[in-house]
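Reader: I am new to this structure and would like to understand the words used for its helices. Could you take me through the reasoning behind them?

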Amino acid sequence: MSRMGDHLMIAPVVLPLLAGAAMLLLDERRRELKAAINVASTFALVGIAIVLLATSDTAATGLASRVGVYRLGDWPAPFGIVLVVDRLSALMLLLTSILGSATVVFSLARWHRAGAHFHSLFQFLLMGLNGAFLTGDLFNLFVFFELLLAASYGLALHGSGTARVKAGLHYIVVNLVASLLFLIGISLIYSVSGTLNMADLAARIPHIAQEDRSLLEAGAGILGTAFLLKAGMWPLCFWLPTTYAAASSPVASIFAIMTKVGVYIVLRLWLLLFGQGAGASAHFGGDWLLYGGMATVAFGIIGTLASQDMARLAAFSVLVSSGTVLTAIGMDQTGVTGGALFYMVSSTLGISAFFLLIELVERGREPGADVLAVTREAYGEDDEDFNEEAEAGFAIPATMGLLGLAFIGCALVIAGLPPLSGFIAKFALLTASLNPSGMIQGSEAVRASTWALLAVLILSGLAALIAMTRAGIRAFWAAPDREVPRVRLIEMAPVAVLLILCTMQTIQAGPVMRFMQATAQSLHAPSDYVRGVLGQNPSSDP
Amino acid sequence: MELILSLAIGALAGSGVWLILRPRTFQVIIGLSLLSYAVNLFILAMGRLRTGAPPVLTARTLGDPSQYADPLPQALVLTAIVIGFATTALFLVMLLVSRGVTGTDHVDGQEPES
């Protein structure tokens, strides 16, 4: 890569920082200019992420995967902070920037006028997310986490209102406590290993003395608790549905990636630190991920079936999605991890589109209509609709048709039905877990945990389908006297783009799956990552 | 010294946790502050306790690491304090907003029905 190409690695952090800071200087009345800066910066991030993804996917000579390392201040790796771009980081960067673009365009229709500093906070959130995906240092990760959380506190309250303030208060307290756990975990790990660099840590863990090992594992456990709280694993997830359902829809849509930050860190750190090469600590906590993930999915299933409005339904779908990925990580098989990555991308896109769509669908209805509808179903109080016959021939307006189509798309992706990408993701997960050794049939008995994964995946799909169908019927067919919502093109386009991306993921399933499997392989064999970061002649000289 | 420090951390963390579980927002914010003090002391302790040892090497000497304190946890504590300050301030604003919007200082935004 050229010198300019190397500096591209830090652009996902610097660009939003500059854009966000510049917008702080502008008066709130110059909203058009701010919006232009925000859109330009977010779109530029998509371009940067695509370039980084393409670069990281070209295998360098001698290495199975290319690991780009950016050393800040040119300090050698274990001493200075490094940014690391490999396939997984680049993939997450791209996902973040795509969601960011869709959300920001959507917000231009009306939401960005609902409160102050929306655009700056949005850029800072993107900066924190990108930094967390890029960094190769534990403490730096903490800093980026705090950054993205601080921005998210502001965004969660965007638009104000009592419900948001109540939910936001809980959200902030829970995350502040999680940050303290994060610090305790980091310092315990540091006290045992003497390093904060992730790659250096991975190299040192096999050599840690037996008597210190319990301390290290305690530290890793506490650190893991903090991440799993952000990922929304079952006993730690009660804050999530309320906060997400209360947040304004573009914000909830970008928050769909925030749980994935927790999942990403678990994926990266757990496979790096406690993979096959970790000596006595190998596979530490794997069962927790496996069964915790399943419990999360179970909780999410109950939640989706019980939720009375669409925003809560979407929030519980977030839980199902991150629970499924955590379970798949806990299986600790390369093929399953590849499927999980595919699933993560597709479900995040689907849920994000769903959050945007909810706002459009809900627009024409009086608040509380959902609760009323459920009560009607429960008590059998069918309001007799005499006009039914007269309305039968009435054509659905184009807006409603489009919204309904988008809704069906979201439902297909989230429930995992063909022909959209959710189905391929779940199919890949099941194939890989039932048949871990590739094409050789019947070489080993199927583990009990595999059956559990199978049950969990199918049940979650069924539950999502039931809940989405019920919500869809209520919103599109059974609403007695609703006005057709007025939807502008820039509100519909982001939803459509996200769903088209899901479709693209289906059409191009071969190349995408190959990429995901390559990512999973380099995650399960982290020696390239370690060598890339600590190596004597790293690929860059910033 | 180890005993005193661990007692201090324990007392701070214990009172912090207790206060966080209380129903008033003000108690929660004090609890968070106490807990973050405990965590900061804990980070410092994780760099091993030394008295009278400088963390920075003297200029133009190689130096014997056993004569010096570990500088990294001290740097971490500084960062953690700054970030903790900022987030506490943010939470304080949140507390006031919540008080203003809901008219109560209960963490759930409404008084429990007694």
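Reader: What makes α6(A) roughly antiparallel to α7(A)?

Author: Helix α6 (residues 138–156) of chain A and helix α7 (residues 162–193) of chain A pack at an angle of about 175°, with their axes 10 Å apart. Angles over 145 degrees count as roughly antiparallel, so α6(A) is roughly antiparallel to α7(A). The contact (C-beta atoms, placed from the backbone, within 7 Å) includes A:Phe142 and A:Leu149 of α6(A) and A:Tyr171 and A:Phe182 of α7(A). This is a predicted model, in which local features need pLDDT of at least 70, side-chain atom pairs count only at pLDDT 80 or more, and totals for chains, interfaces and linings use all residues. Residues are numbered from 1 along each chain as its sequence is written, while chains are lettered from A and ligands numbered from 1 in the order in which they are written.

Reader: Why is α10 (residues 239–246) of chain A called mostly covered?

Author: In this helix 6 of the 8 residues are buried, a word for residues with 20 or more other C-beta atoms within 10 Å of their own, all placed from the backbone. Among them are A:Leu240 and A:Tyr244, and the buried residues of α10(A) pack against α6, α7, α11 (249–255), α13 (286–306) and α14 of chain A.

Reader: How do you know that the span of helix α19 (residues 421–434) of chain A agrees with what it should be?

Author: The expected span is 1.5 Å times one less than the number of residues; for the 14 residues of α19(A) that should be 20 Å, and the end C-alpha atoms are 20 Å apart, so the two agree.

Note on methods:
Axes are lines fitted to C-alpha atoms, for helices over the stretch in contact, and angles run from 0 to 180 degrees between N-to-C directions. Helices (H or I, at least four residues) and strands (E, at least two) are DSSP runs, numbered from the N terminus. Angles under 35 degrees count as roughly parallel, over 145 as roughly antiparallel, 65 to 115 as roughly perpendicular and the rest as oblique. Two residues are in contact if their C-beta atoms, placed from the backbone, lie within 7 Å. A residue is buried if 20 or more other C-beta atoms lie within 10 Å of its own, exposed if 12 or fewer, and partly exposed in between; C-beta atoms are placed from the backbone.
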